[in-house]
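Student: Let's work through this one strand by strand and pair by pair. I'll ask, you reason it out.

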Amino acid sequence: MSYAVISDVHSNREALQTVLQEIEGKGIKDILFLGDAVGYGPAPDECLETLVSACSVLIAGNHDWGAADKMGIGRFNPFARLALGWTREVMKKGNLTLLKGLPLTAELRDKGAFLVHGSPKEPEKWQYLLTPEDAEENFPFFAQPLCFVGHSHLPFIIERTSEGDMTVHRNEATVTDGSRYIINPGSVGQPRDGDPRASFAVVENNLITIRRVEYDIPKTQAEMRAAGLPEFLVERLERGW
């Protein structure tokens, strides 16, 4: 079994297309999406339509529901609110409806995997899962060996053994019997770990790996400036934070 997991595209068409080409080049056809197709970036319709075509499973992120007016945007930071307001204005009505209908979670029994954008404990609160302590609190709220989360834009693999020991893996981990895992594939469209390359995860047999790929950041930045999106959002792409 092999599949890829992507998250937090944030309307970054260049990053998404590059990641999908990389995945296709590895012969992987099954792609799971963890939410936040839109927000921040310049190509919301194009990214959502590409994701619908490429991915076997899609769930909602907070920016998706914010753009679709399924949740208020007062909880977002000022730059995110500006980008979401712009996104609401430019997106096709049918695509906004599609975003509104995306589910919060998905359970994939054939893969032994649970998908959520924020945290399995309280998906609707969009909480950040960042530390082994956060992971320990969330392990009881899913039954599968693997749980994939997004939202923080920070890639990691947290393993909990049957004895309760916790290990953080940064780049790869081998799935072993008795252990359970929470995996964040990082962000395709707006990495925040100091590495501006697009990030995603691949599961091949019993190996989970975090992959990085360079994309045309200046092209995305030019499109953002042409759309009048905040300069702060433009500049952060090249810094990876």
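Student: Which residue in β2 does Ile 6 stand opposite?
Tutor: Ground rules first: this is a predicted model, where local features need pLDDT of at least 70 and side-chain atom pairs count only at pLDDT 80 or more, while totals for chains, interfaces and linings use all residues. Residues are numbered from 1 along each chain as its sequence is written, and side-chain values use heavy atoms, with hydrogens and water left out. Strands β1 (residues 2-6) and β2 (residues 31-33) run parallel and are joined by 3 bridges, and two strands pair if DSSP finds at least two bridges between them. Across from Ile 6, in β2, you'll find Phe 33.

Student: Which strands stand at the edges of the sheet that has β3-β2-β1-β11-β12-β9 as its order?
Tutor: Helices (H or I, at least four residues) and strands (E, at least two) are DSSP runs, numbered from the N terminus. This sheet is open, with 6 strands and mixed pairing. An edge strand has a single partner, so one side of it is left without a neighbour in the sheet. That description fits β3 (57-58) and β9 (172-174).

Student: What angle does the direction of helix α1 make with that of β11?
Tutor: Helix α1 (residues 13-25) packs on that sheet, touching β1, β2, β11 (198-204) and β12 (207-213), where contact means heavy atoms within 4.5 Å. Axes are lines fitted to C-alpha atoms, for helices over the stretch in contact, and angles run from 0 to 180 degrees between N-to-C directions. Between α1 and β11 the angle comes to about 25°.

Student: On to the other sheet: by how much are neighbouring strands turned against each other on average in β4-β5-β6-β10-β7-β8?
Tutor: This one is an open sheet of 6 strands with mixed pairing. β4 (105-108) and β8 (166-169) have a single partner strand each, so they stand at its edges. With direction ignored, the average turn between neighbours is 15°.

Student: Is β7 largely enclosed or not, and how many of its 5 residues are buried?
Tutor: Buried means under 20% relative accessible area, exposed over 50%, and partly exposed in between (1.4 Å probe, protein chains only). β7 (residues 156-160) runs antiparallel to β10 (residues 180-184), with 5 bridges, and antiparallel to β8, with 4 bridges. The strand is largely enclosed by the rest of the structure because the number of its residues that are buried is 4 of the 5.

Student: Which residue in β8 is the bridge partner of Ile 158?
Tutor: Let's walk along β7. Towards β10, Ile 157 has Ile 183 as its bridge partner, and Arg 160 has Arg 180. Towards β8, Glu 159 stands opposite Thr 167, while Ile 158 is partnered by Val 168.

Student: Which residue takes a positive phi in the hairpin of β7 and β8?
Tutor: The hairpin has 5 residues between the strands. The phi in question is near 95°, and the residue is Gly 164.

Student: How do α7 and α8 run relative to each other?
Tutor: The axes of α7 (residues 217-227) and α8 (residues 231-239) come within 9 Å and cross at roughly 180°. Angles under 35 degrees count as roughly parallel, over 145 as roughly antiparallel, 65 to 115 as roughly perpendicular and the rest as oblique. The two helices are therefore roughly antiparallel.

Student: How many of the residues in the contact of α7 with α8 are charged?
Tutor: On the α7 side, Met 224 and Arg 225 are among the residues involved, and they meet a set in α8 that includes Leu 233 and Glu 235. Ala, Val, Leu, Ile, Met, Phe, Trp, Tyr, Cys and Pro count as nonpolar, Asp, Glu, Lys and Arg as charged, and the others, Gly among them, as polar. The contact has 5 nonpolar and 2 polar residues, and the charged ones number 4.

Student: How many residues apart in sequence are the parts tied together by Lys 92 and Glu 49?
Tutor: A salt bridge is a side-chain nitrogen of Lys or Arg within 4 Å of a carboxyl oxygen of Asp or Glu, and in this pair the closest N and O atoms are 3.0 Å apart. Lys 92 lies in the loop between α4 (78-90) and α5 (93-100) and Glu 49 in helix α2 (residues 44-54), so the separation of the parts they tie together is 43 residues.

Student: In the salt bridge of Asp 110 with Lys 111, which residue is buried?
Tutor: The closest N and O atoms here are 3.6 Å apart. Asp 110 is exposed at 55% relative accessible area. At 15%, the buried one is Lys 111.

Student: How many salt bridges does the rule give?
Tutor: One of them joins Lys 26 and Glu 22 at 3.8 Å, and there's also a network linking Asp 193, Asp 195, Arg 197 and Arg 212. The count of salt bridges comes to 18.
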